[in-house]
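These are my notebook entries on one structure. I set out to look up its salt bridges, one pair of strands and one pair of helices.

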Amino acid sequence: MTTTTFRLYLLFSFFVLFAQWSPVLSDLLISKLDRKVDLTSQVVRITATLKVKNPGNDQISEVLLPFPDHQAKDLAFLVATTSEGKGKTKTSSSSLPIKVVNPEGLPPSLTWYSVTLLKELGKGQSLTLEVRTAFTHALRPFPEKITQADIQLLVFQESAYYLSPYAVNVQSLSVKLPEPKVESYTKLENTKFSGSEIKYGPYENLPPFSYSPIAVHFVSNKPFAVAQELVREIEISHWGNVQITEHYNLVNAGATSIGEFSRLEYQARPHLRGASSFRHLVAKLPPRAHSIYYRDEIGNISTSNIWGDSSKTLLEIEPRYPMFGGWRTSFTIGYGLPLKDYLFRAEGKRFLNISFGCPMDEVVVDNLVVKVILPEGSKDISVSVPFSVKESRETKFSHLDMIGRPVVALEKTNAVPEHNQYFQVYYRFSNLSLLREPMMLISGFFFLFVACIVYMHADLTISKSSPSYLAKLQWDEVQSALQQIQSIMNHCLGIHDKLEASLRDLSRTGDVQACKAARKSADNMLKELSKDLKPLLSFLQSSPLAASLYSKVEELVAKEKELQEKLIVKHTTVTDSYEKKSGGRDIENRIAPIQQKITALRQEVDDLLEVIDEI
């Protein structure tokens, strides 16, 4: 607070010096000026009633309104009207045109606005001008940090004299407080504090740029609900609905809460242990709002109430926890509105007529973005807003969209309840475009059913004359031949095992004739299998698909043939030895080298069979 006060006193000194040599703008004179400052909410609202007189000869067409730069950055709303009459007969004109100007030779630390009069003010003529302003973030918590049990104190700084480039004959100032509790306030001449109002003045014959800083340190536990960002999406459906979706990023911008939070004390004495916090917010929705929901990132929030009448619908929402100073929360509100209440026709165009700002009166919005999502196919789009906004265009894709829906994005900083005015979005839209999505659905299902019918009746098998089909047949024949060769080889190996079994029977019984009979039977069977094998080998040799396999098959047949020969030699040697009545040791010595060769050949045959089996 010390830094801000010091800056105000420097500004005051500058205005005193500047007033001594500042040029005369015109002969305009303010004969009487009354200012009323409303501090009952976080938005500072100032109403200044100026009785302006032209004592000179020149015609006057504009009135200049200066604001210090530190105050202009918080200026959220400015409107000027002229009024006539008094009391019940008092009438006001519509808003006068206002623009920012840069007059030459005037203080650079001021922001200047020019109010254009409806008609020029002639010599000796006068009019009453009413200037209404609204400022955000003009109230500073002091102290900036408080505990749960402390009350919230705010500081408001202003000038007791109206800052004007014109001389003022008589002026006064009244400051309305939220409650009759004041820590301190600047006391000047003709200062009076009564109830919840502080009055300064009247002050007479003040020169241009008169400035006298004042500060009011007062008690206020009003909620400081600030939406750092609010995105409102207004989606138009020509099937009869306007869908509103509002995304809030909310913070309590009052004095920051420090220390521990006790929910028990808060629930027991909420007006003492958390007086500066807020637990409820009320949104004023249109009277025919329906399908209302309130949720956050976790999900639906059931702590809300809805009631209303024929003129409004009130939605009371309660965050998941009480909002103390510095605490934040994010949530979404959504509802639907009847299209016929907000969409109209004029001059061959359709136009949406709906409110712009936040539906919660007690919420200040630092950055408000309103997105109007028009139906796909809308064109020739224009916007009419009763105050300055930043406009941009986007495209949004939704279900069944082909080229996307045009989006009009309107951005406004420092939005206050005064901005909750109606605005219009004009566009052209053909009724035939309404049939686009239904026809897409009908066409989609139609082609799906046609595809199913074609699929069910079409012959998708491969042609028997195609190269791929013939190649598949040839490969199947190769695989069949390989399987038959495997079977013959396995049969041969089985006969080999029977020859080995006959030798074991010979060693047990000594029946040489039975052993010779078993060999003769084996020879006959092997000859038959050899005959069956020849055509298969000839087929593989002639097939181009079996070129890479034939060498393995040929090697397998050769190894099996060699194995047969070794087994016959072993069998003959053993039977002859038994006929000559040779000893067992002698027989084993004679067949030992033959047996080693048989074992090696049998292993090679088994390995080759495994390779062919994998193929």
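Entry 1, salt bridges. I counted a salt bridge where a side-chain nitrogen of Lys or Arg lies within 4 Å of a carboxyl oxygen of Asp or Glu. The model I examined is predicted. By this rule I obtained 24 salt bridges.

I looked up D505 and R508 and found a salt bridge whose closest N and O atoms are 3.0 Å apart. Both residues belong to helix 5 and are 3 residues apart, so about one helical turn separates them. D505 is partly exposed at 36% relative accessible area, whereas R508 is exposed at 61%.

I then turned to D74, which forms a salt bridge with R140 at 3.5 Å between the closest N and O atoms. D74 lies in the loop between helix 2 and strand 4, and R140 in strand 9, so the pair ties together parts 66 residues apart in sequence. D74 is buried, with 8% relative accessibility, while R140 is partly exposed at 41%. I noted that K73 joins D74 and R140 in a network of salt bridges.

Entry 2, strands. I followed the side chains along strand 20: L281, A283 and L285 point to one face and are buried, whereas V282 and K284 point to the other and are not. Strand 20 runs antiparallel to strand 23, and 5 bridges join them. K284 has L314 of strand 23 as its bridge partner.

Entry 3, helices. Which angle do helix 7 and helix 8 make? I found about 155°, with the axes 9 Å apart. The two helices are therefore roughly antiparallel, and their crossing is left-handed. Their contact contains 16 nonpolar, 3 polar and 11 charged residues.

Note on methods
Residues are numbered from 1 along each chain as its sequence is written. This is a predicted model: local features need pLDDT of at least 70, side-chain atom pairs count only at pLDDT 80 or more; totals for chains, interfaces and linings use all residues. Side-chain values use heavy atoms; hydrogens and water are left out. Axes are lines fitted to C-alpha atoms, for helices over the stretch in contact, and angles run from 0 to 180 degrees between N-to-C directions. Helices (H or I, at least four residues) and strands (E, at least two) are DSSP runs, numbered from the N terminus. Angles under 35 degrees count as roughly parallel, over 145 as roughly antiparallel, 65 to 115 as roughly perpendicular and the rest as oblique. A crossing is left-handed if the near helix is turned anticlockwise from the far one by less than a right angle, and right-handed if clockwise. Ala, Val, Leu, Ile, Met, Phe, Trp, Tyr, Cys and Pro count as nonpolar, Asp, Glu, Lys and Arg as charged, and the others, Gly among them, as polar. Buried means under 20% relative accessible area, exposed over 50%, partly exposed in between (1.4 Å probe, protein chains only). Two strands pair if DSSP finds at least two bridges between them.
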